[in-house]
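Here are a few short exercises to help you find your way around a protein model. Have a look at the structure first, then work through each solution at your own pace.

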Amino acid sequence: MPKRVILLIGFLAIAAALYAQQATIEKVELSGIVEDRLSANLRDALRRLEGQPYDSQSADQIAQRIQSELPDYVATPTTAPGAQPNRVRLIYSVAHNINSRYLVEAVELRAIDRSKVSGALWEEMQKMVGHPVNDAVADRLKDRLVMEFKKSDLHVTRSVIRGDQPQHVKIIYQGHSTNSFSFSFGSGSYHSKQKFSGKLTLGYSRFDVIGVAADLMNNSNELMERYAGYRGGIWAEQKRVRFSVNYSSLRAQWSPATQQAAGNGASSPLYRLRDTIEPSAKITISPAVHLTLGVAATQLQMQSPTLHFISTLRAIGNIEYRHSSKSQKNVFDGNYELHVAGHTLGGDAVYTRNLLNQNYKFSPNPASKVPLGATNGLAVSFELGRISGNAPMFDRFSLGNVDTLLGWNKYDISPLGASRMAYGSVGYLTKYLSVWFETGSVWDPDQPRVLRKSVSLRVPLGTALHLNGPARIVLDVVSPSMGIPIRGSHANPMFAIGGGN
Amino acid sequence: MNRRPLVFRFFVVLVVLAICVRSGYGQTLKARLDGDQVHLDSPDLHFISADARQVLHDGVTVTYSFRISISASKYSVPAVSITYHCVFSYDIWEERYKVSRSEPGARSASHLNEDAAQKLCVESLTIPTASLTPDSAFWISLEYRMEDRQVSSSGEDQRTWLGAVVEIFSQRKEKPQLTGMLQGGPFRLSELRRR
């Protein structure tokens, strides 16, 4: 009982103090429109507020009246300190943007060197803090920022994002370089039977609409061959279409099992060199649906019975989609790819290759504040492939690498690849471990179908160690995996680093 | 047995289906009478583009201009043209749209999803019956365009041939002229469905 009395007395004391300190409105200001757009009555009502004690309810009522006279605008009252203590300026922000009803919590620069921004401009930017979003002021400051960086090749965009406090926002000025250079290492993996794979990429783009890229690669994971060499390309993008032309020159290396299976006769499908030129156009049908159409001309230097060249010319079509539920908990994506070679297209190989790939991922907590991969989830995928005709080795299917059927070796399953493929996987992902069950089969029409299964475990090192930033990304990429084939005997595990489902 | 023609057909069907699902396909323009105003209706019209949606989700307003043209036949010169502007903004906290028609006249609505915001915008586009002949057939065409945003540039001169090429591409990217058009008719004032 005494506690309640003390609380009541405290509450009354605070209320009395607040009442005594209630600020007086020194001036009423209108931001975003000229005063003449309001009726004379409303202008009078605004003036009458001056000298009155500030009352949020009365201020809101006037805002409602402004909105009723200008129904396409949002009117938001806010206060700023006046010239004298205990006095405030009452500012009505009137704007089309519904976000103008939120107060600016912070103004931030991203990818812009703060030390190169003049003190005066930075000060002007910080003046927006504590006031409702004013698009006109924010855009004017963006233009001043651009002027200050005129010589340094910088393009600036402005955005408004949620603040850390409810009903507050941050204004972000984001810098984009006109010339963009990139250097990356990708597709890196290690398989205990197939060894290392990786790709170095060097890229340059201008305005994000035209660019060149060069890759140096050495890969034993993707195809039946280990290929090594380079690929160079140029691309240009306009609105919904991205045109690209790539040229690659790759040297092939075959495993002993593949060489033995192929033999040395005239029918051996093995080649030494593979040069390809591939023009294509990727069309964005909708943000979630993309269609790629192209042609690829490949020249192969065959190694048996004597060195000679053959060529393949194929038309390539690929359609891919991505769909996520509104909550982002359910994400579906997939693609269908078609290669058609020979006949009217010319070339020495005649075949058709179909590949269908579908993936589904469920994440119960897909919130962006949680690092990617740090939430539990379920992933399901399947692939179906079919080749009719006589496809060259680089287009034949295989299973048993870092990404599929980990625990099996593709050279043991089918050393020459296959023309049919079916594969499925189910994975359960946690912060510390992901567990996958995989099953699949590759076969040729005259061969029996053998369904192989494996279980694999993967530890996302960066996430498991609670790292942040680049260290977490790098360690997650090089995370170790172990795959165990499900078979009657000799279930020897295989190890891998990188890649994964 | 050669299966290529079948596979080709299957792929062509897929491509056609993909093109069909693109926004804007299969849109129709309808009209109804409400008092002395003809209101437009196009339930399938989704004019907010991916670029516009990105701008909106960045908390910035996007303005679409609409020009309604009335003509006696499908291909004749318009007799009447009216231009409206709809301003969209996206509440980054509530994840809802606000749309306001700024001119002529003014009205607005908020707490809408994207479809509702677009629908309301189109429904707010009206044609005064006074500008129509009661017994004559007429066609209505609706052109829409995303207004250019004020774009900052680096101000760099493009002196080289590559620069000129890049300028062509980049200008179009920075100042999108996203347009579309719908046409409906023939309508007669006396036959229009009343609200």
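**Exercise 1: The cores**

Task: find which residues have the most contacts inside the largest nonpolar core.

Solution. This is a predicted model. Its largest nonpolar core has 48 residues, and those with the most contacts inside it are Tyr64(B), Phe66(B), Cys86(B), Phe88(B), Ile140(B) and Leu142(B). Next, pick out Ile140(B): beyond its neighbours within four places in sequence, its contacts include Leu29(B), Leu40(B), Ile68(B) and Phe187(B). Finally, look for another core, lying apart from the 48-residue one; this core has 15 residues, among them Ile25(A), Leu70(A), Tyr92(A) and Ile98(A).

**Exercise 2: The sheet**

Task: work out the strand order of the open sheet in chain A.

Solution. Three strands, with mixed pairing, follow the order β1-β3-β2 in chain A. The edges are β1 (24-31) and β2 (74-81) of chain A, since each pairs on one side only. From one strand to the next, the twist averages 20°. Now follow one pair: β1(A) and β3(A) (residues 87-95) run parallel and are joined by seven bridges. Here Ser31(A) stands opposite Ser93(A).

**Exercise 3: A loop residue**

Task: decide whether Ala83(A) is buried or exposed.

Solution. Start with its place: Ala83(A) sits in the loop between β2 and β3 of chain A. Then count: 8 other C-beta atoms lie within 10 Å of Ala83(A). A residue is exposed if that count is 12 or fewer, so Ala83(A) is exposed.

Note on methods
Residues numbered from 1 in each chain as written. Chains lettered and ligands numbered in written order. Predicted model: local features only at pLDDT ≥ 70, side-chain atom pairs only at ≥ 80, totals over all residues. Pairing = 2+ DSSP bridges. Helix = DSSP H or I, 4+ residues; strand = E, 2+ residues; numbered from the N terminus. Axes fitted to C-alpha atoms, helices over the stretch in contact; angles between N-to-C directions. Core = buried A, V, L, I, M, F, W, Y, C linked by C-beta atoms within 7 Å. Buried ≥ 20, exposed ≤ 12 C-beta atoms within 10 Å, placed from the backbone. Contact = placed C-beta atoms within 7 Å.
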